[in-house]
Amino acid sequence: MSFEVPVVDIAPYVTGVGDRSATAAAMDAACRTVGFVQVVGHGVPRTASDGLAAAMDAFFGLPAHAKAAVRTPPEVNRGYSPPKSESLSLSLGVASATRMNDFFEAFNVGASQETYPGSPGLPLPDYAPNTWPDVPGFQDAVDTWFGEAARVARTLTRVFADALDLPADFFDAITGHSLDVLRMNNYALPPGTVDLDGELTGMGEHTDYGIVTVLWADQVPGLQVLGADGGWHDVSPVDGALLVNLGDVTARLTNERWTSTLHRVKPPVVDGTIRRRRSAAFFHDGDVDAVISVLPSCVGPGEEPRYLPVTVGEHVAAKLRGSRAGVVNTAAERDAARVLAARG
Ligand SMILES: O=C(O)CCC(=O)C(=O)O
Ligand SMILES: [Fe+2]
């Protein structure tokens with residue numbers, strides 16, 4: 001069965017010119033069926049993604065001890081995360097045989113208390129300050145990308161509001177001090193450091209946690225998305241597109257009219273070496289204290305809400321306890337069942 005990630009042009013929402021209703025309808029169709037979208041017309045200049053990629057290359061190319069200097073405790077979702085220190089499948093309650101064995105390394109930055117001066121008293125560690133490595137130009141390039149990705153994410157929530165027939169400012173009420181995190185991922189291990197015969201997981205299967213994720217990825221294969229047919233499908237972005245996927249908060253809001261699609265990363269091994277792959281996921285999760293309840297308009301006649309209300313903070317914390325601290329998340333039965341039903 002052929003599997004395609006639909007391309008949606010959001011230019012009418014970025015430039016103010018063009019047919020917004022066609023964009024919203026295309027978004028609704030993509031979110032109902034696949035839950036992953038290739039977004040074009042986003043207006044992010046090529047210099048911003050080139051700058052991000054160069055900054056990531058410079059950081060991940062540092063010796064291990066220099067990267068370890070910007071490590072943080074598991075409960076602080078900032079700084080460096082070395083290979084095999086996380087296990088994404090534990091975020092949805094699936095204990096993998098290779099516990100804490102995802103081989104990606106990552107560097108995380110996020111919105112801090114200072115990002116939102118109008119919302120005093122935001123809790124730590126959710127809005128923790130960033131730690132920056134001593135790499136010339138790194139912070140500038142990453143800050144530039146963070147700003148562009150945040151703009152795209154907020155534009156997408158405007159498209160979502162129209163696609164779901166909600167007031168245009170619906171998402172503004174739950175994203176005034178959104179938990180936003182950029183995770184830069186590097187999938188590479190030096191030759192000889194891994195047993196290439198074992199089950200190798202770049203990043204274990206998971207759903208993202210929040211409202212929407214804006215994902216920049218290079219075109220090296222490895223990202224796989226679980227289709228409605230129960231199979232895993234390779235996905236890489238067309239030139240200039242950003243991948244966009246929905247997180248659990250949106251699945252909850254919409255009572256799964258739109259899904260938070262399961263995905264994982266398995267980069268190819270060529271001549272006994274993992275082919276290096278890079279990505280950067282911007283997570284737009286919503287306000288830590290926003291209560292997420294199923295939208296009445298998404299519950300059809302004779303249907304029931306599939307989820308109880310939860311705050312964004314409670315939901316994200318349970319997920320992170322799984323992925324970063326190794327505590328199996330038992331509150332994600334619906335997601336875990338989907339993984340176990342998948343083939344391969
Ligand atoms: O590397 C990728 O393409 C996906 C990364 C991802 O799913 C994540 O960081 O949540
Ligand atoms: Fe993800």
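A polar side-chain atom of serine 279 lies 2.6 Å from an oxygen atom of ligand 1. Taken alone, ligand 1 exposes 290 Å², and the protein buries 99% of that. The model is predicted.

## Ligand 1 and its shell

Serine 279 has company. Histidine 263 and aspartate 208 also bring polar side-chain atoms up to oxygen atoms of ligand 1, at 3.0 Å for histidine 263 and 3.3 Å for aspartate 208. The table sets out the three pairs.

| Residue | Side-chain atom | Ligand 1 atom | Distance |
|---|---|---|---|
| Serine 279 | polar | oxygen | 2.6 Å |
| Histidine 263 | N or O | oxygen | 3.0 Å |
| Aspartate 208 | polar | oxygen | 3.3 Å |

In total, 14 residues surround ligand 1. The closest are Arg183, Tyr187, His263, Arg277 and Ser279. By class, the shell holds seven nonpolar, four polar and three charged residues.

Where does ligand 1 sit? It occupies the largest cavity. Four strands give two or more residues each to the shell around ligand 1: S5 (178–187), S6 (203–206), S11 (263–265) and S14 (277–287). Which element gives the largest share of that shell? Strand S14 does, with four residues.

## The cavity

The structure holds one cavity of 30 Å³ or more. About 110 Å³ of space lies in the largest cavity. Its lining counts 16 residues. Nearest the centre are Asn185, Met203, Leu215, His263 and Ala281. His263 thus appears twice: among the residues closest to ligand 1, and among those nearest the cavity centre.

The cavity lining draws at least two residues from each of S5, S6, S7 (212–217), S11 and S14. All five of these elements are strands. Strand S14 again gives the most, with four residues. The lining divides into seven nonpolar, six polar and three charged residues.

## The pocket

The largest pocket has a volume of about 450 Å³. It is lined by 27 residues. Those closest to its centre are Glu75, Asn77, Val316, Ala317 and Leu320.

How many residues does helix H7 give to this lining? H7 supplies eight, the most of any element. Helix H7 spans residues 312–325. Strands S5 and S14 also supply at least two residues each. These two strands therefore serve both sites, since each also supplies at least two residues to the cavity lining, where the cut-off for a lining residue is an atom within 4 Å of a grid point.

Charged residues number nine in the pocket lining. The rest of that lining is 12 nonpolar and six polar residues. In the cavity lining, the charged residues number three.

## Backbone details

Two loops hold backbone features worth locating. The peptide bond from leucine 124 to proline 125 is cis, with omega near 5°. Proline 125 falls in the loop between strand S4 (105–110) and helix H5 (138–163).

What is the phi of asparagine 255? It is near 55°, a positive value in a residue other than glycine. Asparagine 255 lies in the loop between helix H6 (248–253) and strand S11. S11 is one of the strands that give two or more residues to the shell around ligand 1, and it also supplies at least two residues to the lining of the largest cavity.

Definitions and conventions
Residues numbered from 1 in each chain as written. Chains lettered and ligands numbered in written order. Predicted model: local features only at pLDDT ≥ 70, side-chain atom pairs only at ≥ 80, totals over all residues. Heavy atoms only, no water. Near = heavy atom within 4 Å. Polar contact = N/O pair within 3.5 Å; in protein donor to acceptor, adjacent residues only side chain to side chain. Areas by Shrake-Rupley, 256 points an atom, 1.4 Å probe, with all protein chains shown as cover. 1 Å grid on protein atoms, 1.4 Å probe; cavity = no way out; pocket = protein on both sides within 12 Å on 5 of 7 lines; lining within 4 Å. Sits in = over half its atoms within 2 Å of the grid points. Nonpolar A, V, L, I, M, F, W, Y, C, P; charged D, E, K, R; others polar. Points joined across faces, edges and corners; volume = space filled by probe spheres on them.
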